[in-house]
Amino acid sequence: MSDFILPDIGEGIVECELVKWLVSEGDMIEEDQPVAEVMTDKALVEIPAPYKGRVTRLYHKEGDIAKVHAPLFELVEEGGEQNSASETKPEAAPAKQDATAADDKQPEAEHQGETVAHDDGETEDFILPDIGEGIVECEVVEWRIAEGDEIEEDQPVVDVMTDKAMVEITAPKAGRVTQLYYQKETLAKVHSPLFAFIPRERDDAPAPAAKQTAPSKSAETAPATASKSTSSNDRQRIPASPAVRRLVREHELTLANIDGSGKDGRVLKADVLAHLEKPADTAKAGQSSDATTTRSRRAPQQDHEVRVEPIRGMQAAMAKRMVQSASTIPHFNFSEDIDVTDLLALRQQLKPEAEARNTRLTLMPFIMKAMALAVQEFPILNSRINDDVTEIHYQPQCNIGMAVDSKIGLIVPNVKGVEQLTLLEVADEVARLTEAAREGRVSQEDLKGGTITISNIGALGGTYAAPIINPPEVAIVALGRTQKLPRFDANGQVVERAIMSISWAGDHRIIDGGTIARFNNLWKSYLESPQSMLLHLS
């Protein structure tokens, strides 16, 4: 017998409520079968079985609080009853301990994205590795391969969506794909087989035109395989975002029948809507079924139907975090106008030199550098509070997050150690993270460790806002759009100035109005007189 230890189920989570047992004592369970549902302070998590066996004991009742890294239930591995029946014999104990140790090591191999060999000695399963701290499942967005395809080592094989970002999974080695275990839009479990393949060194025989697969799996993957029969290369020549592909599926259209107006033929949302507006008599050959579906969906009675779409992925994660922030953190809001006329002139002066080294110099690097300098005088703006609200943790680096409106929702990557970077280095990081965020492919490392956040609503035309703090941070600022407004100069004359409106939100448990006002005044002085920053740069 061996105890199943409740694993880490999220950053900083040490306990959870056992909501529901999905098994009973005495039940035989399969590997990766869900055994319990537990509730953390962030989400409901499903706990899978580590291997096939018989449940002999449940350590908690429904409603109990279970500790992370503590035993959750007792499990006898299949074929292990004889060993457990002989536990009175001294020599049996070491053997059982070895088996348990081997079981404990198995997840370690899977975390590394390794493969597991089949009994036939030829085929291997690719195990879906850890793709983010606390993430136990992900949605299969797009297969880039089909059954029967030849793949190369490190070739992208599938895009999956976690609750934080889009992740690209690559092949562990070269070979021939024999089976895909999941269809598009289904949830794949971390540490479970993702697809089967035959490594190239074992695949001496030529690939058959259509390889038979096990009946139990073939039924699940048949629709996915059929949709790929036109060849993976044809599919890859029609680029489109997940949101556009979802819209195409909702209207039961075919992506290949829609003319893409984007770069490299990318199909945009506008292209899909334009396709829906086409009358049936002008539809292209092969689109009659699409046109029929379109007419039926545009019938008058459809105007009164409610379209239901699940909230999941990045959108669901943001919803939970914002509800938690708004309901647990008392927000103090503070707004101000900043004259950025001289800052814009300095940027224009430095822009040619930055472009000479292929750096795009925007206002954001200046704003971040000024913030990092001001934080040195007011470190409480760059701190965190512990869960019990008994300690303030002052962070050693100023990692400034920037909210990016990406195609998969709001993403907040952060520039690490802004106080130690040059203006050009900050600009390069801003450009890199912005591009990655808009494509939904930000790494987990870039998303973790933020200490204070900037939201540039002005890029979309807003002026003032009441931003919500991104926990565990204690402050966030929203930048409004820059406007040309009249102001009085030192001689009382009306002049045109570039004015940016900004809105702060601070955690009122540790940041009072005077503190945020003084911090803002220092930050504002650096932005209104950017040359003054030179006196403080290390």
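Glu185 sits in the loop that links strand E15 (175–180) to strand E16 (187–189). In this predicted model, Glu185 is not a glycine, yet its phi is positive, about 70 degrees. That stands out because most residues other than glycine have a negative phi. Glu185 is partly exposed, with a relative accessible area of 33%.

Val389 tells a similar kind of story. This residue is not a glycine either, and its phi is positive at about 55 degrees. Val389 belongs to the loop between strand E19 (383–385) and strand E20 (392–394). With a relative accessibility of 43%, Val389 also counts as partly exposed. A third loop, the one between strand E24 (452–455) and strand E25 (475–488), holds Pro472. Here the oddity is in the peptide bond: going from Pro471 to Pro472 it is cis, with omega near 10 degrees. For background, most peptide bonds are trans.

Stepping back to the whole chain, there are 13 helices and 26 strands. Of the 538 residues, 41% are buried. Among contacts with a separation of 6 or more, 62% come from residues 24 or more positions apart.

Now for the strands. One open sheet has four of them, in the order E5-E4-E2-E7, and the pairing is antiparallel. Strand E5 (44–48) and strand E7 (65–67) are the edge strands, each pairing on one side only. On average, neighbouring strands of this sheet are turned by 45 degrees against each other, direction ignored. Inside the sheet, strand E2 (residues 15–21) and strand E4 (residues 34–39) form an antiparallel pair with four bridges. Glu17 has Met39 of E4 as its bridge partner, while Trp21 stands opposite Ala36 in E4. E4 also pairs with E5, again in the antiparallel sense, over five bridges. In that pairing, Pro34 is matched with Pro48 of E5.

Among the helices, H9 takes in 16 residues (residues 341–356). At 1.5 Å a residue, helix H9 should span 22 Å, and the 24 Å between its end C-alpha atoms agrees with that. H9 is not straight, though: it bends by about 40 degrees at Leu350, and a proline, Pro352, follows within four residues. The buried residues of H9 are Leu343, Arg347 and Ala354. They pack against helix H10 (363–377), helix H11 (423–438) and helix H13 (513–528). After H9 comes Asn358, with a positive phi near 60 degrees.

Helix H11 has 16 residues as well, and its first and last C-alpha atoms are 23 Å apart, close to the 22 Å expected at 1.5 Å a residue. Its buried residues are Val426, Ala427, Val430, Leu433, Thr434 and Ala437. These cover an arc of only 140 degrees around the axis, which means that they lie on the same side of H11. The spacing rule behind such a pattern is simple: an α-helix has 3.6 residues a turn, so residues three or four places apart point the same way. The partners of the buried residues of H11 are H10, strand E21 (400–406), strand E22 (409–411), strand E23 (414–415) and helix H12 (444–447). Just after H11, Gly440 has a positive phi of about 70 degrees.

Conventions
Residues numbered from 1 in each chain as written. Predicted model: local features only at pLDDT ≥ 70, side-chain atom pairs only at ≥ 80, totals over all residues. Heavy atoms only, no water. Helix = DSSP H or I, 4+ residues; strand = E, 2+ residues; numbered from the N terminus. Expected span 1.5 Å × (residues − 1). Bend = angle between axes of the 7 residues up to and from the residue. Buried < 20%, exposed > 50% of the residue type's maximum accessible area, 1.4 Å probe, protein only. Contact = heavy atoms within 4.5 Å. Arc of directions from axis to C-beta. Pairing = 2+ DSSP bridges. Axes fitted to C-alpha atoms, helices over the stretch in contact; angles between N-to-C directions.
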